Amino acid sequence: MSVFVFAEHKGGSFKKSTFEVVSYAKKIADMAGVELVAGVIGKVSDAEMAQLAQYGANRAMRDQQPDLETFRTRTYADALTQMAENVAANVIVFSDNFMGRGIAPRMSVKLKAALATSVVDVPKSVSPMTVKRKSFSGKAFSIVKANTPVSILSLVPNAFGVVEKPAAGFATTDFASKLRASDLAVQVEAAETVAGTMPVSEAEILVSAGRGLKSPDNWGMIEEMSQLLGPGCTTCCSRPVSDLGWRPHHEHVGQTGHVVAPNLYFAIGISGAIQHLAGVSGSKVIVAINTDPEAPFFKAADYGIVGDAFEVVPKLNKALKDFMSKQ
Amino acid sequence: MMKVLVCISQVPDTTSKVRFKEGNTQFDTADIQYVMGPYDELALTRILEVRDAGTPMEITVVNVGDASTENTIRKAVAVGANHAVRIDAKPTDAFYVASQLAAFAKGQGFDLIVTGKEASDYNGNQVGEMLAELLDIPSISNASHIEVKGGKVVVEREMGGGKETVIAPTPFMVAGQKGFAIEPRIPAMRGIMQARKTPIKVVPAVPAEHLLTVESYELPPAKSGCKFVPKDQVDELVRLLHEEAKVL
């Protein structure tokens, strides 16, 4: 019996969302009174692996076969299933992101294990697994129960937070899973990295702007604000803005774009259509800045400034700059 | 000729107010308008675009649902799908739905299976990958673009601050997300007439397990009210975010 967590890395370094999901998995392992095993795919140094112990991993398994360098959903699911079976996992935990969303449903089928995605809280019960998840695109939550002895959860980034809980005696075992050659036909033809960009779904702080900005040329102050708020922050936008082509589609937040749950969400010049509000309802704190005191966003916000973005945002940027320089 | 299966769901319109009944154990369907799942609609639209751009395709659209979903299925035909299938089952958990789709698709030689990343009501983000696993074919979910070149599928995916273009032989499954297509297609009158004449093939459900059950629903807690800060006191806002909300 164990809890098994997929510890994702990027170019050999673990991400913050990985430490968060390890922290969360540790909490479940403690509830169940079992050990926590982390599964790692790809080239990660022993020193980096040891970081997983800080957040409670008792041990880790690492598969470094060259065929795993490219992310192929089926191959990764094959490898992680073999690891999870090897440690007799009864709970398997992923971060609710690109990789997790691809791999977890396949493992659900392979292991006949109920899968709850978009999980936002610690389980109410581990056996049977009962847990709260987002549904209706942010408009509601559901409490779901697994009808199977093994369950899989994927945790919404920022829903639990990173919690240090050092485990003693951590060790990494190298593991060579049996892979099928046929998947190698799926190949990456081209790759481009956008250096230093935090994905919208994982950001801790989001600076979001809408049609109130009037033109794509006015995003400079929004980007400046995002930079002032640090590497955990990125920019995003409302649907009309991405539909107009002012901003790229991957920045669209709302019911049919990203459903987000940052610690802090700035809504600048966005009126607050029901579809947009649904997409941001998981945010811990919302600040709305709008010229219209009747804008629906103020009903969903914790803090509000009634005023013109072109007047308020530059002042706010200056205040943030002063504040950050004192931290 | 490429044989394509597009799996669509039917969901409450995105403007719907969500309410529950029977002690928050059931979704209240009163006054709810149903539409094709927005991501499924984008997936279908993109496939039609690829076909129109010159890849010969035979497109079958399939839905798991009761007879009330037939208008949604007809809309898919009206915009250009060749065949329509309804699997007569109540779509409950993702594994059950994927099992129905797999039982239908097995042995029919679909080269490409396409769907939206998730239904916008239960947001499982599971059915596409589960179906691919049940059919034992490779896949990409949350894809942002697809093309067909020389019989191979070319897919773009955005993963954690980067973008990759992946090329894969068929059979393959792709689940599309935002950006897969830009605007959904609006059916033309000719398409609507055509859709009326196209029979929807009804397939009986197969026995399958329910791995996950919804016990109850909750609405998000109401906000306690917005604290307004005068526009010339932005320092005060920064102070509140730091000291009161503790998010800076």
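# Chatting through a two-chain model

Student: In S14(B), what is the bridge partner of Ala146(A)?
Tutor: Ala146(A) has Leu212(B) as its bridge partner in S14(B). Keep in mind as we go that this is a predicted model.

Student: Okay, and how do the two strands around that pair run, parallel or antiparallel?
Tutor: Antiparallel: strand S10 of chain A, residues 140–146, is joined to strand S14 of chain B, residues 212–218, by 6 bridges.

Student: What actually holds strands of a sheet together?
Tutor: Strands of a sheet pair through backbone hydrogen bonds, and the pairing can be parallel or antiparallel.

Student: Let's stay with the two chains. How many residues of each are in contact?
Tutor: On the chain A side there are 76 residues, in contact with 63 residues of chain B. Helix H4 of chain A, residues 98–111, supplies the largest share of the chain A side, with 8 residues.

Student: And how does that chain A side divide into nonpolar, polar and charged?
Tutor: You get 34 nonpolar residues, 26 polar and 16 charged.

Student: Switching to cores. How many residues are in the largest nonpolar one?
Tutor: It has 177 residues. Val5(A), Val93(A), Val6(B) and Val61(B) have the most contacts inside this core. Its largest share comes from helix H3 of chain B, residues 94–105, which gives 9 residues.

Student: Where does this core lie relative to domain 1 and domain 2 of chain A?
Tutor: Between them, because domain 1 (2–185) and domain 2 (200–325) of chain A both give residues to this core.

Student: What does Val93(A) touch?
Tutor: Leaving out residues up to four places away in sequence, Val93(A) touches Val3(A), Val5(A), Val21(A), Tyr24(A), Ala25(A), Ile28(A), Leu153(A) and Leu155(A). There is also a second, separate core of 5 residues, including Ala140(A), Phe141(A), Val18(B) and Tyr217(B).

Student: Back to those domains. How far apart are the C-alpha centres of domain 1 and domain 2 of chain A?
Tutor: The two centres lie 32 Å apart. In the contact, domain 1 of chain A takes part with 11 residues and domain 2 of chain A with 12 residues. The domain 1 side divides into 4 nonpolar, 5 polar and 2 charged residues.

Student: What's the strand order in the open sheet of 6 strands?
Tutor: The order is S15(A)-S14(A)-S16(A)-S17(A)-S18(A)-S15(B), and the pairing is parallel. Strand S15 of chain A (233–237) and strand S15 of chain B (227–228) are the edge strands, each pairing on one side only.

Student: Zoom in on S14(A) and S15(A) for me: how many bridges do they pair over?
Tutor: They pair over 5 bridges, in the parallel sense, with S14 of chain A covering residues 205–209. Within that pair, Val207(A) stands opposite Thr235(A) in S15(A).

Student: Now helix H5 of chain A. Which residues there are buried?
Tutor: Ile222(A), Met225(A) and Ser226(A) are buried in this helix, which spans residues 220–228. Looking down the axis of H5(A), these buried residues fall within an arc of 100°, so they line one face of the helix.

Student: What covers them?
Tutor: The cover for the buried residues of H5(A) includes S14, S15, strand S16 (264–268) and helix H9 (309–325), which belong to chain A.

Student: And Gln227(A), buried or exposed?
Tutor: Gln227(A), which is found in helix H5 of chain A, is partly exposed: it has 15 other C-beta atoms within 10 Å, whereas a buried residue needs 20 or more. Between Gln227(A) and Asn317(A) there are 9.9 Å in space, C-alpha to C-alpha, although they are 90 residues apart in sequence.

Student: What happens just after H5(A)?
Tutor: Gly230(A) takes a positive phi there, about 100°.

Student: Last topic, chain B. How many helices and strands are there?
Tutor: Chain B has 6 helices and 15 strands. Of its 248 residues, 48% are buried.

Student: Which strands does S1(B) pair with?
Tutor: Strand S1 of chain B, residues 2–7, runs parallel to strand S6 of chain B, residues 57–64, with 6 bridges joining them. S1(B) is also joined by 4 bridges to strand S8 of chain B, residues 112–116, again in parallel. For landmarks, Leu5(B) stands opposite Thr60(B) in S6(B), and Val6(B) has Val114(B) as its bridge partner in S8(B).

Definitions and conventions: Residues are numbered from 1 along each chain as its sequence is written. Chains are lettered from A and ligands numbered from 1 in the order in which they are written. This is a predicted model: local features need pLDDT of at least 70, side-chain atom pairs count only at pLDDT 80 or more; totals for chains, interfaces and linings use all residues. A nonpolar core is a set of buried Ala, Val, Leu, Ile, Met, Phe, Trp, Tyr and Cys residues joined through C-beta atoms within 7 Å. A residue is buried if 20 or more other C-beta atoms lie within 10 Å of its own, exposed if 12 or fewer, and partly exposed in between; C-beta atoms are placed from the backbone. Domain bounds come from an automatic or database domain assignment. Two residues are in contact if their C-beta atoms, placed from the backbone, lie within 7 Å. Ala, Val, Leu, Ile, Met, Phe, Trp, Tyr, Cys and Pro count as nonpolar, Asp, Glu, Lys and Arg as charged, and the others, Gly among them, as polar. Two strands pair if DSSP finds at least two bridges between them. The arc is that of the directions from the helix axis to the C-beta atoms.
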